[in-house]
Amino acid sequence: MTAEQPTIAASEALDFDCFIEGDTAYEAMLAAITGARRSIRLEAYILADDEIGWRFAEALAKQADRGVDVRVHIDAAGSLFWLSRHLPRHLQAHGVRVQWYHRIGWSPVRYNRRNHRKMLIVDDTVLYLGGMNLHRENSLSVFGPSRWRDTHLALRGSLVRQAIDLFDALWEHRREPPCEDITLHDTALITNRPRRWKHLLRRLYGNAFAAAKSTIYLTTPYLVPDLRTQHGMMAAAQRGVDVRLLVPRHSDSRLAQWAAHAAYDALLRKGVRIYEYLPRVLHAKTAVVDGYWSTVGTANLDYRSFFLNYEMNLVTADPRMASVLEHQFLEDIREAEEVRLDHWVRRGLPDRVTEFVGWLGRRWL
């Protein structure tokens with residue numbers, strides 16, 4: 001780990017709050033925006049032109065009117081069908097600096113790589129990071145009981161400075177400092193840009209799976225793992241580790257769900273336990289290994305997050321974070337149904353065909 005990208009020592013407690021309800025997270029984020037004195041940095045994969053998006057737009061515009069430096073970086077593809085011209089124009093009219101990440105252009109390969117990061121940084125004091133987009137689907141008060149189930153964090157301390165550096169590097173179209181030797185004992189923010197960082201998150205997952213002695217609890221809305229990651233999970237299960245995957249029964253992406261189903265068979269046969277969350281769309285991205293190492297952020301367990309998109313995850317050996325995430329995982333399991341191998345092998349030909357179709361497109365989902 002270079003001096004430019006320090007980690008937190010294992011003995012230093014992580015200062016965080018964990019949110020599993022969109023309304024609670026949004027209220028905290030809006031309160032932080034209202035209290036800003038110097039700067040607000042927002043990266044949004046989906047910033048929707050709806051009740052939630054406009055609440056944020058109005059709060060950001062008011063702060064820009066007061067002289068706060070407000071920058072908003074929006075992914076052009078992620079927000080393509082969620083955002084009209086009115087909201088960004090409203091922001092710009094009030095002095096908010098708006099930048100679009102990878103608009104449609106001459107290069108399909110460039111356009112295919114998205115900024116999937118979701119973070120809000122206020123002054124030098126707090127970072128909000130996780131799976132929640134800024135849209136009504138996460139809000140109980142707006143969307144109702146079927147709102148999405150997600151996980152988001154508020155982080156304070158030295159990680160905020162690291163997040164600022166990473167935001168500014170992408171905003172200014174420059175490379176982040178190198179960061180290559182993070183271990184499972186470190187606390188750090190992991191991105192996958194530039195090339196040196198590209199496989200770091202996947203390597204950390206692999207190292208955690210290889211080191212696991214008792215439990216691996218993974219929550220992901222899109223289960224399309226590469227072969228190395230699959231083999232890491234299966235090898236852990238084969239040596240007696242309790243490996244459990246929590247995925248949605250009801251997904252917002254039919255094709256991604258088909259691809260996930262294609263991975264079930266091999267995982268189940270090697271002892272990995274798969275649970276489908278029943279009540280609503282599951283969008284959280286978390287992992288806890290041995291009640292010790294954990295990660296939460298924007299990255300799914302799929303090809304796009306590991307190899308294509310720009311993501312942002314917290315990785316940590318902080319015991320309280322592991323305890324919070326493990327407790328929530330076990331609570332979610334209570335509202336899930338386990339997929340049994342003896343039942344899964346009896347699925348029909350149409351299901352097998354859709355799995356094949358989904359798996360063919362797994363690198364582009």
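**Exercise 1. Charges over rings**

Over which ring does the charged end of Arg320 sit, and at what distance from its centre?

*Solution.* The model is predicted, and side-chain atom pairs count only at pLDDT 80 or more. Step one: take the charged end of Arg320 and find the ring beneath, which is that of Phe16. Step two: read the distance to the ring centre, 4.0 Å. The cut-off for a charge over a ring is within 6 Å of the centre. Step three: try a second case. Arg71 lies over the face of Trp171, 5.6 Å from the ring centre.

**Exercise 2. A pair inside one helix**

Classify the pair formed by Phe167 and Trp171: stacked or edge-to-face?

*Solution.* Begin with the search of the whole structure, which finds 11 aromatic pairs. For Phe167 and Trp171, the ring centres are 5.8 Å apart and the planes meet at 15 degrees, so the pair is stacked. The cut-off for stacking is under 30 degrees. Next, place the residues. Both belong to helix H6 (residues 158-171). They are four residues apart, about one turn of the helix. Last, check burial, which requires under 20% relative accessible area. Phe167 has 0% relative accessibility, so Phe167 is buried. Trp171 has 9%, so Trp171 is buried too.

**Exercise 3. A pair across the sequence**

Which parts does the pair of Tyr205 and Trp293 tie together?

*Solution.* Geometry first. The centres of Tyr205 and Trp293 are 6.0 Å apart, with 75 degrees between the planes, and the pair is edge-to-face. The cut-off for that class is over 60 degrees. Now locate the partners. Tyr205 is in helix H7 (residues 200-211), while Trp293 is in strand E14 (residues 293-297), so the pair links parts that are 88 residues apart in sequence. Both Tyr205 and Trp293 are buried. Then widen the view. Tyr205 and Trp293 belong to one aromatic cluster with Phe209, Tyr303, Phe306 and Phe307.

**Exercise 4. An open sheet**

Which strands are the edge strands of the seven-stranded open sheet?

*Solution.* Write down the order: E1-E7-E6-E5-E2-E3-E4, with mixed pairing. Strand E1 (15-19) and strand E4 (97-101) each pair on one side only, and these are the edge strands. From one strand to the next, the twist averages 10 degrees.

Now zoom in on one pairing. Strands of a sheet pair through backbone hydrogen bonds, either parallel or antiparallel. Strand E6 (residues 126-130) and strand E7 (residues 152-156) take the antiparallel sense, over four bridges. What stands opposite Leu129 in E7? The residue is Leu153.

Definitions and conventions: Residues numbered from 1 in each chain as written. Predicted model: local features only at pLDDT ≥ 70, side-chain atom pairs only at ≥ 80, totals over all residues. Heavy atoms only, no water. Phe/Tyr/Trp six-rings, centres within 6.5 Å; stacked < 30°, edge-to-face > 60°. Helix = DSSP H or I, 4+ residues; strand = E, 2+ residues; numbered from the N terminus. Buried < 20%, exposed > 50% of the residue type's maximum accessible area, 1.4 Å probe, protein only. Lys NZ or Arg CZ within 6 Å of the ring centre and 35° of its normal. Pairing = 2+ DSSP bridges. Axes fitted to C-alpha atoms, helices over the stretch in contact; angles between N-to-C directions.
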